[in-house]
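User: I am new to this structure. Please walk me through its main features, one question at a time.

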Amino acid sequence: MPELPEVETIARGLAARVTGDVIESVWLGSKPEPLKSPAPEIVRTLESRRIAGVRRVGKHIVFDLEHARRRSSPARKKGRSKTMRAKTPAAQAPAQWIVHLGMTGRVLVCQPEEEIAKHTHAIARLASGRELRFVDPRRFGRLSVTHGFAAPGSEPLEVELGRFVDLFRGRKTPIKSALLNQKLLSGVGNIYADESLFRAGIRPRRRAASLTKEELQRLYLSIPEVLKEAIALGGSSVSDYVDSDGEEGFFQLQHRVYGREGEPCLVCKTPIKRVVIAGRSSHYCPKCQK
Ligand SMILES: [Zn+2]
């Protein structure tokens, strides 16, 4: 499942490829699950829009859309009803196309002659001749459109210390669960929660409210440290991910605890423990983490 660093990497890759391009038309598949907004609304919002940018918000990919100015060659557009639609005030307001990749979702930049993969749920045809395709075999991914998208939680790479400390005040849930709660921090997933807690020296089962100011401060620093390392490592694999179906290149971050149950801690050689917290595997060093 793509976590924040992967989504950041994918969003940057897409931004480099499609910013400035115009979505000319949209095809949506018949499976209802991937569509979080009504199909006609998605089509209406995307068509004739210019992609002003692509960014990550939490674990979402956000395409910022603006009204595409009419070309100087009106003959090309003649007879197309969607240019009429684009004239309405609602269609001229900035909008966002939100993609959540779920477990297996991918956004591909394709040439039109490339074979359409099985489980393709959406195709946006671009003025450049290329296509943006959303492919998702397991259909946990979601497509929606909105005006003014905001993630429910704080952004872990931008949140200020005071706000960060406030997020956990009085919370009786394990700190691991609190880190995964998307309403508190947006986009911290299982792997990076474990890795951040290890670097901060905090056991995942500790109640969030029991963390001292110093521990919270260490956690505050370790989360972006881990995420930024992973983003830096993921950057080199952008083209693979976006253009083909290879997922290699991700999760290159050397995990210090995640997935290392029974293996020696890289700091003190104590075997790494695994516990299940709120249904999620959690890994920690019983000696380094208190
Ligand atoms: Zn250790």
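**The metal site and the sheet**

Analyst: The site of the zinc ion is tetrahedral, with angles of 101 to 113 degrees among its four donor atoms. Four donors count as tetrahedral if all angles lie between 85 and 135 degrees. This is a predicted model: local features need pLDDT of at least 70, side-chain atom pairs count only at pLDDT 80 or more, and totals for chains, interfaces and linings use all residues. Residues are numbered from 1 along each chain as its sequence is written, and side-chain values use heavy atoms, with hydrogens and water left out.

User: Which residues coordinate the zinc ion?

Analyst: Donors are N, O and S atoms within 2.8 Å of the metal (3.2 Å for Na, K and Ca). Here the donor atoms sit at 2.2 to 2.4 Å, and each is an SG atom. The residues are Cys-265, Cys-268, Cys-285 and Cys-288.

User: What spacing do the donors of the zinc ion follow along the chain?

Analyst: Along the chain, the donors of the zinc ion are spaced as C-x2-C-x16-C-x2-C. Cys-265 lies in the loop between helix H10 (238-243) and strand E9 (273-277), and Cys-288 in the segment after strand E10 (280-284), so the pair ties together parts 23 residues apart in sequence. Helices (H or I, at least four residues) and strands (E, at least two) are DSSP runs, numbered from the N terminus.

User: Is Cys-265 buried or exposed?

Analyst: Buried means under 20% relative accessible area, exposed over 50%, partly exposed in between (1.4 Å probe, protein chains only). Cys-288, at 27%, is partly exposed. Cys-265 has 3% relative accessibility, so Cys-265 is buried.

User: Which strands stand at the edges of the open sheet?

Analyst: Eight antiparallel strands form the sheet, in the order E5-E7-E6-E1-E2-E3-E4-E8. Strands pair if DSSP finds at least two bridges between them. An edge strand has a single partner, so one side of it is left without a neighbour in the sheet. Those strands are E5 (106-110) and E8 (142-146).

User: Which residue in E8 stands opposite Trp-97?

Analyst: Strand E4 (residues 95-100) pairs with E8 in the antiparallel sense, over five bridges. Opposite Trp-97 stands Val-145.

User: Which residues of H2 are buried, and why are they on the same side?

Analyst: The buried residues of H2 pack against E1, E2, E3, E4 and E8. They cover an arc of only 90 degrees around the axis (taken from the directions from the helix axis to the C-beta atoms), which puts them on the same side of H2. They are Ile-42, Thr-45 and Leu-46.

Methods: Four donors count as tetrahedral if all angles lie between 85 and 135 degrees; four count as square planar and six as octahedral if opposite donors are over 155 degrees apart and all others between 65 and 115; anything else is irregular. Contact means heavy atoms within 4.5 Å.
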